[in-house]
Amino acid sequence: MSSSDTTTASATTTILATKTAPPPFSPSLSTSANSAPPPSPCAGCKILRRRCTVRCLLAPFFPPTEPLKFTTAHRVFGAGNIIKLLQELPESRRADAVNSMVYEANARLRDRVYGCAGVICHLQKQVDELQAQLARAQARHVILQAQHAQLFALMATARSQQQRPATDGVVADSCMLQNGGYCVDDCGLGSVWEEEPRWA
């Protein structure tokens with residue numbers, strides 16, 4: 001076998017090995033292709049400067065777009081108490097508990113002595129005042145209704161008194177004509193008197 005044939009065979013073997021060999025492994029490329037960007041931490045973990053996991057209790061109630069919500073609750077109750085309370089409650093009641101804590105924290109920051117109790121007392125005072133105004137309005141309405149009914153009764157009485165004399169005169173004339181000059185009173189007591197005939 002000549003030297004040229006040996007060189008050709010080795011070159012052919014090298015080309016085939018290059019085509020069939022797998023590409024070299026690159027750890028950096030495979031890691032960047034398979035890994036997703038890390039999720040944004042919730043407001044609680046971001047303020048506390050800790051790692052936010054998938055099972056974080058604060059993430060569903062303190063999103064990263066509302067940092068003031070957690071800051072207010074944290075200043076009054078503390079992060080440890082908030083997490084402990086959420087752990088003791090069922091999932092269906094955690095949202096209401098967080099809203100109550102945030103409301104109480106805001107009220108406590110506005111009024112450090114009474115907090116929500118001061119707001120409740122103020123609202124109760126307004127309710128009492130409105131109920132008193134309503135009672136006075138209802139009493140005034142009853143008085144006006146009574147005055148209105150009394151006025152209508154007086155108007156009806158005055159109208160009947162104005163119509164009675166004309167009616168009595170007509171009845172008396174018809175009575176004398178029917179009885180030939182004799183008039184009997186309305187009570188039927190038999191008091192009869194004789195009048196001069198009008199044609200005499």
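Which residue lies over the face of Phe 62? Select Phe 62 and display its ring: Lys 69 is the residue in question, placed 5.9 Å from the ring centre. The model in the viewer is a predicted one.

**Stop 1: the aromatic pair**

Keep Phe 62 on display and add Phe 70. The structure holds 1 aromatic pair. Its members are Phe 62 and Phe 70, with ring centres 5.1 Å apart; because their planes meet at 80 degrees, the pair is edge-to-face. Phe 62 is buried, at 0% relative accessibility. Phe 70 is likewise buried, its relative accessibility being 0%.

**Stop 2: Arg 75**

Next, select Arg 75, which belongs to helix H4, spanning residues 67-76. Is Arg 75 buried or exposed? With a relative accessible area of 58%, Arg 75 is exposed; the cut-off for that class is over 50%. To see what lies across from Arg 75, add Leu 109 and Arg 112, the residues it contacts once neighbours within four places in sequence are left aside. A distance label between C-alpha atoms may be placed here as well: Arg 75 and Ala 105 are 30 residues apart along the chain, yet their C-alpha atoms are separated by 7.8 Å.

**Stop 3: Arg 94**

Move to helix H6, residues 91-110, and select Arg 94 within it. Arg 94 is buried and has no salt bridge. Which side chain of opposite charge is nearest to Arg 94? That side chain belongs to Glu 91, at 4.5 Å, whereas a salt bridge requires the nitrogen and carboxyl oxygen to be within 4 Å.

Now show the backbone of Leu 86. Its oxygen lies 2.8 Å from a polar atom of the Arg 94 side chain. To complete the surroundings, add Leu 57, Phe 61, Gln 87 and Leu 89; together with Leu 86, these are the contacts of Arg 94 beyond four places in sequence.

**Stop 4: the salt bridge**

Side chains of opposite charge can pair when their charged atoms come close. How many salt bridges does a search of the whole structure find? The search finds 1. To view it, select Arg 108 and Glu 104, whose closest N and O atoms are 3.2 Å apart. Why are these two separated by about one helical turn? Arg 108 and Glu 104 are 4 residues apart in helix H6, which accounts for that separation. Finally, colour Arg 108 by accessibility: its relative accessible area is 28%, so Arg 108 is partly exposed.

How values were computed:
Residues are numbered from 1 along each chain as its sequence is written. This is a predicted model: local features need pLDDT of at least 70, side-chain atom pairs count only at pLDDT 80 or more; totals for chains, interfaces and linings use all residues. Side-chain values use heavy atoms; hydrogens and water are left out. Buried means under 20% relative accessible area, exposed over 50%, partly exposed in between (1.4 Å probe, protein chains only). Contact means heavy atoms within 4.5 Å. Lys and Arg count as positive and Asp and Glu as negative; His and the chain ends are not counted. A polar contact is a pair of N or O atoms within 3.5 Å; within protein, one must be able to donate a hydrogen and the other to accept it, and residues adjacent in sequence count only if both atoms are side-chain atoms. Rings of Phe, Tyr and Trp (its six-membered ring) pair if their centres lie within 6.5 Å; planes under 30 degrees apart count as stacked, over 60 as edge-to-face and the rest as tilted. A charge sits over a ring if NZ of Lys or CZ of Arg is within 6 Å of the ring centre and within 35 degrees of the ring normal.
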